[in-house]
Amino acid sequence: MIDYRSDTVTRPTPGMLAFMQSAPVGDDVFGEDPSINSLERITAAKFGMEAGLFCPSGTMTNQLAIKTHTQAGDEVICDELSHIYQYEGGGIAFNAGCSVKLLHGDRGRVTAQQILAGINPEDVHKPISRLVSLENTSNRGGGACYNFSDFEAIKKVANQHGLALHLDGARIFNAIVHKNEASIEYGNIFDSISICLSKGLGAPVGSVLVGSNSFIKKARRWRKVFGGGMRQAGYLAAAGIYALEHHVERLADDHKNAKLLSEALSKLEFVQSILPVETNIVIATIGGKYTATSFSAALKEKGILAIAMTPTQVRFVFHLDITESDLDRTIDIIKSL
Ligand SMILES: *Cc1c(COP(=O)(O)O)cnc(C)c1O
C-alpha cells in the first residue's frame, strides 16, 4: 500500500531508531529527562522562544495553549477550517470553557482586517475576545502558507487589542522550507507555537509547545492536569531531536512530489479542481463518474490509500515514506482510473 492518508503514518528510520535507543532518560515529571529537556531547549531556541514543553500530541499542545491563554467565558478567534475547531473534539469548549468566533478565510488563512472585525466590543452581552489562533500551514486549506507580512499585520492588531496570538504549527517546517523563512522570526510574532514532530518530520509521536518561561510554566501545570505528564519519554523526544536534525530540508522533496501528483490529477476528467499546491498536501475536488468516497475506494483496490475528506474532496499527503518510485506508480495507476 502507498499511504497518502496523512503524514502521520511514517515509520521511524533505522537512524532514528538507533538514536532513540541510545537516548539518556529520566523522570520528566521531576524535570529529570535529559532528552526531553534538550528537545524542549532546542525547539524553543529555533523559534526564538524562552521555553518548550514536550507533549504526546498536537491536540494537547494546542489545547494547553488555549487553556493557558484564556479563562472560561472568553472567546477564541480563528478560521472556520482550523484544526483546533474542526478536529479537536470540541476541546475549546470542554477544556477551556471558551466560545469561538469563526472567520471565513482564504484556504484557512485570515487577515488582520478580518480579525479586527471579529473582536467583540466591550459589552456585558459579549464574550471577551482573548486569543487569536492561526494555522500554518493550513491542513484543510490544502497546505496553504501565510506570508510573513500577514503575521506582522495580525500581530499589530493583537497588540492593539490585548489579544494573545497562538500558532498551530503542526506543519510549520513545511511553511518555513517553502517560504524560505527563518524560524527564529516566529518568536517575534507569536505568544505560543505548537510544533508537531509526528507529521512530515517523521517522528512516531510528539509535539512541542513553545513560549515564554512564565507561559510554559503554567502550561506545564495544565499538562499534568490533562494527564500528559510522561515519565521516561526521552526515547520519544530523541526521535524528535533526530527529526529536527535530519528531516527538515527533505520536506522540499515532498513539496516537489505533491506538485507532480497535482499536475497528473489535473489531467483527469473527473477531477474538477485542485487547491493550489504549496507544500505537501494535495486536495482534489472529484465529480463526474466518481464521488470522493468511490474514488478513494477505487484507489484502494489498486494499492493507494487517500482520505475522502469531504463528500467531494480527496486528500493526498506526502511524507518521508513516499518515494519517487511510489509517486511514479501512483501516477500510472490514476491515469488508468
Ligand atoms: C495533526 C494536526 C494537529 C495535531 O494532531 P494530533 O494528531 O493531535 O497530533 C494539529 N493541527 C493540525 C493543523 C494538524 O494537522
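**Figure 1. Arg221, an exposed residue of helix 10.** In this predicted model, Arg221 belongs to helix 10, which covers residues 213–225. Is Arg221 buried or exposed? Its relative accessibility is 62%, so Arg221 counts as exposed; the cut-off to remember here is over 50%. To place Arg221 in the wider picture, look for Asn136: the two residues are 85 apart in sequence, and their C-alpha atoms are 26 Å apart in space.

**Figure 2. Arg223, a buried residue of helix 10.** Stay with helix 10 and find Arg223. Its relative accessibility is 3%, and Arg223 therefore counts as buried, a word used here for values under 20%. Now find Phe54, which is 169 residues away from Arg223 along the chain. How far apart are the C-alpha atoms of Arg223 and Phe54? They are separated by 9.4 Å.

**Figure 3. A cis peptide bond between Asn136 and Thr137.** This view centres on the peptide bond that runs from Asn136 to Thr137. The bond is cis, and its omega angle is near 0°. Where should you look for Thr137? Thr137 is in the loop that links strand 5 (128–135) with helix 7 (148–160).

**Figure 4. Asp106 and Arg107 in the loop between strand 4 and helix 6.** Asp106 is found in this loop, and so is Arg107. The loop has strand 4 (99–103) on one side and helix 6 (112–118) on the other. With a relative accessibility of 44%, Asp106 counts as partly exposed. Which residue shares a polar side-chain contact with Asp106? The partner is Arg109, and the contact between the two side chains is 2.7 Å. Asp106 can also be compared with Ser138: they are 32 residues apart in sequence, with 10.0 Å between their C-alpha atoms. Arg107 draws attention through its backbone, as its phi is near 45°, a positive value in a residue that is not glycine.

**Figure 5. Asn180, a residue with positive phi after helix 8.** Asn180 is located in the loop between helix 8 (172–179) and helix 9 (186–189). Asn180 is not a glycine, yet its phi is positive, at about 55°. Is Asn180 buried or exposed? Its relative accessible area is 71%, so Asn180 is exposed.

**Figure 6. Ala175, a buried residue of helix 8.** Ala175 is part of helix 8. The relative accessibility of Ala175 is 0%, which means that the residue counts as buried. For a landmark, turn to Tyr146, which is 29 residues from Ala175 along the chain. The C-alpha atoms of Ala175 and Tyr146 are separated by 8.0 Å.

**Figure 7. The ligand and the residues around it.** Where does the ligand sit? It occupies the largest pocket. How many residues surround the ligand? There are 13, and the closest are Gly58, Thr59, Asp168, Arg171 and Lys199. Helix 3, made of residues 58–69, gives the most to this shell, with three residues. Sorted by class, the shell has six polar, five charged and two nonpolar residues.

**Figure 8. Side-chain atoms of Thr59, Arg171 and His83 beside the ligand.** Begin with Thr59, where a polar side-chain atom lies 2.6 Å from an oxygen atom of the ligand. Next comes Arg171, with an N or O atom of its side chain 2.9 Å from a ligand oxygen atom. For His83, the ligand atom to look for is a nitrogen, 3.5 Å from an N or O atom in the side chain. How much of the ligand does the protein bury? Taken alone, the ligand exposes 380 Å², and the protein buries 84% of that.

Key: Residues numbered from 1 in each chain as written. Predicted model: local features only at pLDDT ≥ 70, side-chain atom pairs only at ≥ 80, totals over all residues. Heavy atoms only, no water. Helix = DSSP H or I, 4+ residues; strand = E, 2+ residues; numbered from the N terminus. Buried < 20%, exposed > 50% of the residue type's maximum accessible area, 1.4 Å probe, protein only. Near = heavy atom within 4 Å. Polar contact = N/O pair within 3.5 Å; in protein donor to acceptor, adjacent residues only side chain to side chain. Areas by Shrake-Rupley, 256 points an atom, 1.4 Å probe, with all protein chains shown as cover. 1 Å grid on protein atoms, 1.4 Å probe; cavity = no way out; pocket = protein on both sides within 12 Å on 5 of 7 lines; lining within 4 Å. Sits in = over half its atoms within 2 Å of the grid points. Nonpolar A, V, L, I, M, F, W, Y, C, P; charged D, E, K, R; others polar.
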